[in-house]
Amino acid sequence: MRFKLLAATAAVALLASGSAFAESANLTIWSWNVAASALKSTLPGFNKQYPDIKITVEDLGNSQVFDKTLAACAAGGDGLPDIVSIENFEAEIFWSRFPDCFANLKELGYTPEIQAKFPDFKRTELEVGDVAYAMPWDSGPVAVFYRRDFYEKAGVDPSTISTWDDFIAAGKKISAANPGVVMAQADFNGDSEWFRMIANEQGCGYFSTDGQNITVNQPACVAALQKVKEMKDAGTLTAANWDEKIQANTAGKAASQLYGGWYEGTVRSTSPDLKGKWGVYRMPSLTADGPHAANLGGSSLAISAASANKEAAWKFVNYALGTNEGQVTMLKEFGLVPSLLEAEKDPFVNEPQPYWGGQKVWADILATLPKIVPSRGTAFQSDAEGIFRATQAKFFAGGYPDAKAALDDAANQIASATGLPIAE
């Protein structure tokens, strides 16, 4: 009896020790830009509940997080932090190549009840079979962020900009009335952003929604690429990378930027002195009666399978992404649009925002969410993206007779690289 009592006492002590260990840990997260800042904003609230779980958020930049994560997974998880920020569009690259690199969140507490708090389209790329590799974070409903004063000086009412042709015409007026100011900017060399936004608006993408066919040369995608070229040729779009866009915003050299809703936090945090001068309006379409909604960006959080602190990591992930407190904090502070359905109904969404001239920007931006057509990245996103960027550059330089020829070539190259068929 004495031996059994000692054994039982030891077991209780061990359980207590294990529980305490799960509540005490030092965690590291890889993220980027505003997303990293947003995660940091949740730490005070999280540490009120879990004071012994210390978290360091490392802002490495978007491309660095992707490259370092890919390299670490290739090395068997060696070098990964406890938690990694992963863009939905690129997520399937990791799961398909390295299915053992990240923990199955279902084994850590990601129950069906918690999963049901997120829309299905946000979970599609994060789950394979019975494995949930990541938890949805933010969405990227697209909007035009614009300088009220530049538009007003040119006599341009953004509510009258219904088509991309209207956008081109407005850009000419705005640039003429505001010398040195460009209508909008696009990273033609390092990204496919404008094409993907307009193509998604028109219901097209690199691949079909089920990921089984190549659709980049479908008519809607052809029309999207043609319109981007028209805007570039008209001077409506000028070349600029991410940092150059922020510099142009702050210096008052850009009248508009087209991005996902998360860009609200970028504008507000990097150009604080321009409070009241910025506004938001819905993205134009190819036709006046066409769709006016798209998605760009949107991320998730995954936990490294090699982490020694997976239970503590899950506590943070579930707090930051699975509670109103965590998600609305990030919306308020840095403009990250929640994927958590109940957070989108928070009263804050319908409040006038002082920085934006009293506009209820979140009500306007989130109103487009139900109209967004899902866009699948698939495991071949990197192949398709690289091929498209090269094709786009060649097309803009006059290397193809028209957009259809350019995208037919891109589709054939993607087919060779992936083995997938081209949709008829």
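Two strands pair if DSSP finds at least two bridges between them. Keep that rule at hand for the first stop of this tour through a predicted model.

**Stop 1: the three-stranded sheet**

Select residues 142-147, which are strand β8, and then residues 256-260, which are β11. The two strands are joined by 5 bridges and run antiparallel. To see one of these bridges, pick A143 and look for its partner in β11, which is Y259.

Now add residues 278-281, strand β12. The three strands make an open sheet in the order β11-β8-β12, and the pairing is antiparallel. β11 and β12 are the edge strands, each pairing on one side only. On average, neighbouring strands here are turned by 30 degrees against each other, direction ignored.

Next select residues 263-270, helix α13. This helix lies across β8, β11 and β12, and its direction makes an angle of about 135 degrees with β11.

**Stop 2: the five-stranded sheet**

Move to the other sheet of the tour. In what order do its 5 strands stand? The order is β2-β1-β3-β13-β6, in an open sheet with mixed pairing. Select residues 53-59 for β2 and residues 135-136 for β6, the strands at the edges. Each has a single partner strand, so one side of β2 and one side of β6 are left without a neighbour in the sheet.

For the β6 edge, add residues 299-303, strand β13. β6 and β13 run antiparallel and are joined by 2 bridges. Label P136 and you will find S300 of β13 opposite.

**Stop 3: the disulfides**

Show the cysteine side chains. How many disulfides does the structure hold? There are 2, and they follow the pattern 1-2, 3-4 when bonded cysteines are counted along the chain.

Start with C73 and C101, whose sulfur atoms are 2.1 Å apart. The link is left-handed, with -85 degrees about the S-S bond. C73 belongs to helix α4 (residues 62-74), while C101 sits in the loop between α5 (88-97) and α6 (112-115), so the disulfide ties together parts that are 28 residues apart in sequence. Are these cysteines buried or exposed? Buried means under 20% relative accessible area. C73 has 5% relative accessibility and therefore counts as buried; C101, at 6%, counts as buried too.

Then select C204 and C221, with sulfur atoms 2.0 Å apart. This link is also left-handed, with -105 degrees about the S-S bond. It connects distant parts of the chain: C204 is in the loop between α10 (193-201) and α11 (219-233), C221 is in helix α11, and the two are 17 residues apart. Both C204 and C221 are buried.

**Stop 4: the nonpolar core**

In soluble globular proteins, nonpolar side chains tend to be buried together. The largest nonpolar core of this model has 136 residues. To find its most connected members, select W95, F102, Y151, F167, W194, F195 and F316, the residues with the most contacts inside the core. Then colour helix α14, residues 310-322: this helix gives the core its largest share, 8 residues.

Finish by centring the view on W194. Which residues does W194 touch, leaving aside those up to four places away in sequence? They are W164, F167, A184, Q185, A186, V228, M231, L237 and L258.

Definitions and conventions
Residues numbered from 1 in each chain as written. Predicted model: local features only at pLDDT ≥ 70, side-chain atom pairs only at ≥ 80, totals over all residues. Heavy atoms only, no water. Disulfide = S-S within 2.5 Å. Helix = DSSP H or I, 4+ residues; strand = E, 2+ residues; numbered from the N terminus. Buried < 20%, exposed > 50% of the residue type's maximum accessible area, 1.4 Å probe, protein only. Core = buried A, V, L, I, M, F, W, Y, C linked by side-chain atoms within 4.5 Å. Contact = heavy atoms within 4.5 Å. Axes fitted to C-alpha atoms, helices over the stretch in contact; angles between N-to-C directions.
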